[in-house]
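Trainee: I am new to this structure and would like a close look at a single part of it, the nonpolar core and the places around it. Could you take me through that part slowly, residue by residue?

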Amino acid sequence: MSDQNKCPMHGDAQWHGAQMDFSKDMSYGDYLGLNQILHAQHPLSPNHNEMLFIIQHQTSELWMKLMLHEMRAVRVHLRADDLPPAFKMLARVARIMDQLVHAWDVLATMTPPEYTAIRPYLGASSGFQSHQYREIEFILGNKNAALLNVHATTPEHVLLQESLRTPSLYDEAIQLLARNGLPISAARLNADPTQPTTADDSVQQAWLQVYGDTERYWALYELAEKLVDLETAFRFWRFRHVTTVERIIGFKTGTGGTAGVSYLRKMLDVVLFPELFALRTEL
C-alpha cells in the first residue's frame, strides 16, 4: 500500500506525539484511581443484571459526593456574604441532580424478573442506608434525628450528628436575608437547627420584598431562583426514583424494611424551601 493510501490512524509509532511510556510518570488511571474503582464491583449472584444494579448505585454515590462537596461550600459562601461563587455551585448541584434523574433511565431497563433474580443476594442492604443521601437531606433542611439510628454502627455516625446540628443551607439563606435588613422573626432566626424546616410568615414576607424589588435585591432574588431550581431538580430526582422502583418491584417491601413505593411517595410531599414556593401564589 502506498503512503498516500495508508490510513491516517495507523503507522505512526509516536501516535501524533502522545506519550506512551508511563513507567516513571503518573497516568490517567493512576490519577483517577481507576484500578480501585473498576475493581469495586463484586456481584454476589450469578445473574448478568446485577452488574447494572451495582454500578447504578456506585455512580450515584459518586455524584452525591460531589453534590455534598459543592453544597458544603455554598453554605460557607453564604455565611461570608459571597454570593457569586455560591450561585455557580448551586447551579452545578442542580445539574448533578439532572444526571441522577437520567441515571434512573438505565436502571429502568431492568425488568421485574431480572431484579427478582438478584434480590435474595442483597440481604437487608438498601439505598435507605446511604449516609451521603442522609447528609444531603440534612444540609437541605429535611432533618430527622431518628434516622441517625440507621447509621449508629457506622464510621459516618459522628459526621451525620454534626450535620444534624449544623444550620442547613436554607437556614444560612434566611440569616442572609436578615443581614440585608429584611425583617425575620427572632423565632425563625433562633430556630433549633436539628429540626426540619417549617414555613415562617416573616420569611415569606421577606422573600416577597425581594421579588417585589428585584433591582434593589438582585443578588437575593438570584439566590432565591437558584434555590427554586435546586428544589425542582431534587423533586424530579425523587419522582424518578419512585416511578423506577414501582416499575421494577411494584409495591413490594423494600430490602431495607421500608414500605417501598408507598414510603417513597410520602417523600414527594416534603418541601425543602416552603416560602419560596408558597409566595408564587401572591406574586
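Mentor: A residue is called buried when its relative accessible area is under 20%, exposed when it is over 50%, and partly exposed in between. Please keep in mind throughout that this is a predicted model.

Ile 55 is a useful place to apply those limits, since it has a relative accessibility of 37% and therefore counts as partly exposed. Ile 55 is found in helix α3, and the unreviewed UniProt entry places a "binding site" feature at Phe 53, Ile 54, Ile 55, Gln 56, His 57, Tyr 115, Arg 119 and Thr 255. Phe 53, which is also listed there, is likewise found in helix α3, but with a relative accessibility of 17% Phe 53 counts as buried. Setting aside residues up to four places away in sequence, Phe 53 touches Leu 107, Met 110, Tyr 115, Ile 118 and Leu 122, and of these Tyr 115 is itself named in the UniProt feature.

Further along, helix α3 also holds Met 71, which is buried because its relative accessibility is 0%. When residues up to four places away in sequence are not counted, Met 71 touches Val 93, Ile 136, Ile 139, Leu 140 and Leu 169. The C-alpha atom of Met 71 is separated by 15 Å from that of Leu 164, a residue 93 positions away along the chain.

We can now turn to the core as a whole. The largest nonpolar core has 62 residues, and the members that touch the most others are Met 67, Leu 140, Trp 207, Trp 237 and Leu 276. At least two residues of this core come from each of the helices α3 (50–79), α4 (83–107), α5 (112–118), α6 (131–139), α8 (169–179), α10 (201–212), α11 (218–249) and α12 (261–267).

Trp 237 deserves a careful look of its own, and leaving aside neighbours within four places in sequence, Trp 237 is in contact with Met 64, Met 67, Met 97, Leu 100, Val 101, Trp 104, Tyr 133 and Ile 136. Two of these partners lead to the contact between α6 and α11, in which Tyr 133, Ile 136 and Glu 137 of α6 meet Phe 234, Trp 237 and Arg 238 of α11. The residues of that contact divide into four nonpolar, no polar and two charged. The axes of α6 and α11 come within 13 Å and cross at roughly 140 degrees, and the crossing of α6 past α11 is left-handed.

Helix α11 is also the place of His 241, where the unreviewed UniProt entry puts another "binding site" annotation. His 241 has a relative accessible area of 27% and so is partly exposed. Not counting residues up to four places away in sequence, His 241 touches Trp 104 and Leu 264, and Trp 104 is among the contacts of Trp 237 as well.

One last residue brings us back towards α6. Ser 163 is found in helix α7 (residues 157–165), and because its relative accessibility is 6%, Ser 163 counts as buried. With residues up to four places away in sequence again left out, Ser 163 touches Glu 135, Phe 138, Ile 139 and Lys 143, and Ile 139 is also one of the residues that Met 71 touches.

Definitions and conventions
Residues numbered from 1 in each chain as written. Predicted model: local features only at pLDDT ≥ 70, side-chain atom pairs only at ≥ 80, totals over all residues. Heavy atoms only, no water. Core = buried A, V, L, I, M, F, W, Y, C linked by side-chain atoms within 4.5 Å. Buried < 20%, exposed > 50% of the residue type's maximum accessible area, 1.4 Å probe, protein only. Helix = DSSP H or I, 4+ residues; strand = E, 2+ residues; numbered from the N terminus. Contact = heavy atoms within 4.5 Å. UniProt positions renumbered as here; feature names shortened; annotations may be inferred. Axes fitted to C-alpha atoms, helices over the stretch in contact; angles between N-to-C directions. Left-handed = near helix turned anticlockwise from the far one by under 90°. Nonpolar A, V, L, I, M, F, W, Y, C, P; charged D, E, K, R; others polar.
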